[in-house]
Amino acid sequence: MIRGCDYLHIYRHASSDRLNDLSWRLRAEHGAQLELLDSAALHDKQPALAEHYKQAVLVYDQGFTINPSRLVRALVDQFIADGGEYQQMEVTDLITNHGQLSSVKTESTSINAAALVIAAGAWSTRLTRLLGIDLPLENGRG
Ligand SMILES: Cc1cc2nc3c(=O)[nH]c(=O)nc-3n(C[C@H](O)[C@H](O)[C@H](O)COP(=O)(O)OP(=O)(O)OC[C@H]3O[C@@H](n4cnc5c(N)ncnc54)[C@H](O)[C@@H]3O)c2cc1C
């Protein structure tokens, strides 16, 4: 369900300083293997690409799923098989007591919780703010 591949991030304008951009520095610091391609190398690799793309960053050893829905279902099934419980409801508030999380409020109930994993994607900061945590989270796509 997961296929390995390299990634190409393409740019219309070339910059000799490209790999010093924060997002590339962070990836490199976390072990990503990066290569800056000039226009000739880029079009050699992707001959069908429009001429106005002048530079690319090649990221080695990446991957993608050919079936995101099946992958997520398999992870949920494993979570339940390991003793987890799945419920679908909107979290509306996080209640703390003396600076410690005590419960998670939803539209229909309240669940006691001393610990919480927030995995709400682009909406995660709405929930972290309820705990007074302002995360510098930037959304991306593609
Ligand atoms: C238009 C678009 C195109 C994209 N294309 C690609 C692509 O081609 N390839 C790629 O790799 N990535 C793509 N992405 C990015 C990808 O969708 C995200 O990186 C990925 O979905 C993040 O996964 P996640 O589990 O962190 O969050 P999500 O998949 O966003 O899941 C977060 C979940 O939390 C739920 N939630 C939020 N708030 C609450 C709350 N208060 N209570 C309960 N539940 C809540 C949401 O309903 C959602 O189900 C794209 C994103 C967008 C917007």
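**Legends to close-up views of a predicted two-domain model**

Buried residues make up 3% of the 142 residues in the protein chain. The coordinates shown in every view belong to a predicted model.

**View 1. Overall dimensions of the protein chain.** The radius of gyration of the protein chain is 21 Å, whereas a compact globule of 142 residues would have a value near 14 Å. Along the principal axes, the C-alpha atoms fill a box of roughly 60 × 35 × 25 Å. Among contacts with a separation of 6 or more, 47% join residues that are 24 or more positions apart.

**View 2. Domains and order of secondary structure.** Domain 1 covers residues 2–65 and domain 2 covers residues 87–130. Taken over C-alpha atoms, the centres of domain 1 and domain 2 are separated by 38 Å. The protein chain contains four helices and six strands, and these follow one another along the sequence in the pattern β-α-β-α-β-α-β-β-β-α.

**View 3. The open sheet of strands 1, 3 and 2.** Three strands form this open sheet in the order 1-3-2, with antiparallel pairing. Strand 1 (2–11) and strand 2 (34–37) stand at the edges; each has a single partner strand, so one side of each is left without a neighbour in the sheet. From one strand to the next, the twist averages 30 degrees.

**View 4. Pairing of strand 1 with strand 3.** Strand 1 and strand 3 run antiparallel and are joined by nine bridges. Within this pairing, I10 stands opposite A56 in strand 3.

**View 5. Pairing of strand 2 with strand 3.** Four bridges connect strand 2 and strand 3, again in the antiparallel sense. Here L34 stands opposite V59 in strand 3.

**View 6. Surroundings of F64 in strand 3.** F64 is placed in strand 3, which spans residues 55–65. This residue counts as exposed because it has 11 C-beta neighbours inside 10 Å, and the cut-off for an exposed residue is 12 or fewer. Leaving aside residues up to four places away in sequence, F64 touches R3 and C5. H43, by contrast, lies 21 residues from F64 in sequence and 23 Å from F64 in space, C-alpha to C-alpha.

**View 7. Helix 3 and the residue G83.** Helix 3 comprises the 14 residues 68–81, and at 1.5 Å a residue these should span 20 Å. The end C-alpha atoms of helix 3 are 20 Å apart, which agrees with that expectation. The number of buried residues among the 14 of helix 3 is zero, so the helix lies largely in the open. Just after helix 3, G83 takes a positive phi of about 105 degrees.

Terms used. Residues are numbered from 1 along each chain as its sequence is written. This is a predicted model: local features need pLDDT of at least 70, side-chain atom pairs count only at pLDDT 80 or more; totals for chains, interfaces and linings use all residues. Domain bounds come from an automatic or database domain assignment. Helices (H or I, at least four residues) and strands (E, at least two) are DSSP runs, numbered from the N terminus. A residue is buried if 20 or more other C-beta atoms lie within 10 Å of its own, exposed if 12 or fewer, and partly exposed in between; C-beta atoms are placed from the backbone. Two residues are in contact if their C-beta atoms, placed from the backbone, lie within 7 Å. The expected span of a helix is 1.5 Å times one less than its number of residues. Two strands pair if DSSP finds at least two bridges between them. Axes are lines fitted to C-alpha atoms, for helices over the stretch in contact, and angles run from 0 to 180 degrees between N-to-C directions. The radius of gyration is taken over C-alpha atoms; the globule rule is 2.2 Å times the number of residues to the power 0.38.
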